[in-house]
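Work through the exercises below with the sequence and the model at hand. Each task is followed by its solution.

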Amino acid sequence: MNTVKVILLGDVVGETGRKLLRKNLPLFKELYKPDLIIVNGENSAHGKGITPKIAEEWQELGVDVITTGNHVWDKQEIIPYLKEHTHVLRPANYPEGCPGVGVTTITKNGHTFGVINVIGRVFMGMHGDCPFRKVEELVTELRKETPLIFVDFHAEATSEKLGMGYFLEGKVSAVVGTHTHIQTADARILPGGTAYITDLGMAGSLNSMIGVTKDPILNRFLYQMPQRHEVAVDAPFVMSGVVVTVDAQTGKALKIESIYKVDEDPLD
Ligand SMILES: [Fe+2]
Ligand SMILES: [Fe+2]
C-alpha cells in the first residue's frame, strides 16, 4: 500500500519554541521521514503573532505549511506577507475580505495535500463565521483534487474540537486541535478513518503557563489585574505534536502517533 506520513506540531511559543523547532525538526525528519510538515506559528514571535522572517526561516527548515489562530494579526508585518504567501494560513472562517487564505494545496513527493486552518467560536471571543459550514465548503472543493486533507482546528473547547472530528470523520485524513498548548492523550483514528487529537500541545518551556512565565498569569487569577506576559526560557522544554500515516489512495488515516519530547538540556 502506498502511504504518506505527515507531521503536525502544536503552537511554537516565542524564541524558546523556535530554538526547539530548529533543534528537533531535523531529528523528527530523520526519525519519521515525513512527506509533509505542518506547524502552528501563531505564538512564534515573542509569544504573539508571527513575522515574515520566521516564516522564511521555517520554510528553510522544511516546514511546508504554517497554520495560525487568534494571534495571527498580532505582528502587523505579517499582513502583506499573508497576501502573497499561501503556505502561511489564517483561519479560513475569518470574515470575507480579510487578508490571506485559510486553505492551501501543496504537491510533494508525487502527492497533493490539502491543508485547512479554522478557528472555533466557543470561549474564543469574536471570531468569524461558522467553522463547520466553512470547513464543509472547503473540504468539498478540496476533495475534487485530493483525498489527503489535514485540518488544524484552533479552538478552546474540547467538545467543539471533538465535534469537528466527528463532523469531518471519513472526509479528511486528520483533524488536529491547537490553541490550548497542552497535549491531550486522546490521539486515535475515528471510525471513518480520520486521525484525531483534541490538542497537539506546544513547543516551549515545560514549567511555564502554556509557554509564558507562570507568575504574571497566577497574579492575573489572584488579583484580576492586567499583567505583562513573558515567554518562559528555562529548561526542561517540551515539543509536541503527532505523526499521521495515511493511505495515499483513499486518504484514510492508518495510524496516529503522539510526539511528546521532553528536553532537559538548556538551549543555546
Ligand atoms: Fe497558541
Ligand atoms: Fe490561540
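**Exercise 1: the nonpolar core**

Task: find which residues of the largest nonpolar core touch the most other members.

Solution. The model is predicted. Its largest nonpolar core holds 69 residues, and those touching the most other members are Leu-8, Phe-150, Val-151, Val-242 and Val-244. Next, look for the element that gives the most to this core: it is strand β12 (residues 237–247), with seven residues.

**Exercise 2: the surroundings of Phe-150**

Task: list the contacts of Phe-150, leaving aside its neighbours within four places in sequence.

Solution. Take two residues to be in contact if their C-beta atoms, placed from the backbone, lie within 7 Å. By this cut-off Phe-150 is in contact with Val-6, Leu-8, Ile-38, Phe-113 and Val-115, and also with Val-172, Ser-173 and Ala-174.

**Exercise 3: the sheet**

Task: establish the strand order of the six-stranded open sheet and name its edges.

Solution. Reading across the sheet, the order is β5-β6-β7-β8-β10-β9, with mixed pairing. Strands β5 (103–108) and β9 (188–190) each pair on one side only, which makes them the edge strands. On average, neighbouring strands are turned by 25° against each other, direction ignored. For one pair in detail, β7 (residues 149–154) and β8 (residues 174–178) run in the parallel sense over five bridges. Phe-153 has Gly-177 in β8 as its bridge partner.

**Exercise 4: helices on the sheet**

Task: determine which strands helices α4 and α5 lie across.

Solution. Helix α4 (residues 131–142) lies across β5, β6 (111–119) and β7, at about 170° to β6. Helix α5 (residues 158–168) lies across β7, β8, β9 and β10 (194–197), at about 170° to β8.

Technical notes:
Residues are numbered from 1 along each chain as its sequence is written. Chains are lettered from A and ligands numbered from 1 in the order in which they are written. This is a predicted model: local features need pLDDT of at least 70, side-chain atom pairs count only at pLDDT 80 or more; totals for chains, interfaces and linings use all residues. Two strands pair if DSSP finds at least two bridges between them. Helices (H or I, at least four residues) and strands (E, at least two) are DSSP runs, numbered from the N terminus. Axes are lines fitted to C-alpha atoms, for helices over the stretch in contact, and angles run from 0 to 180 degrees between N-to-C directions. A nonpolar core is a set of buried Ala, Val, Leu, Ile, Met, Phe, Trp, Tyr and Cys residues joined through C-beta atoms within 7 Å. A residue is buried if 20 or more other C-beta atoms lie within 10 Å of its own, exposed if 12 or fewer, and partly exposed in between; C-beta atoms are placed from the backbone.
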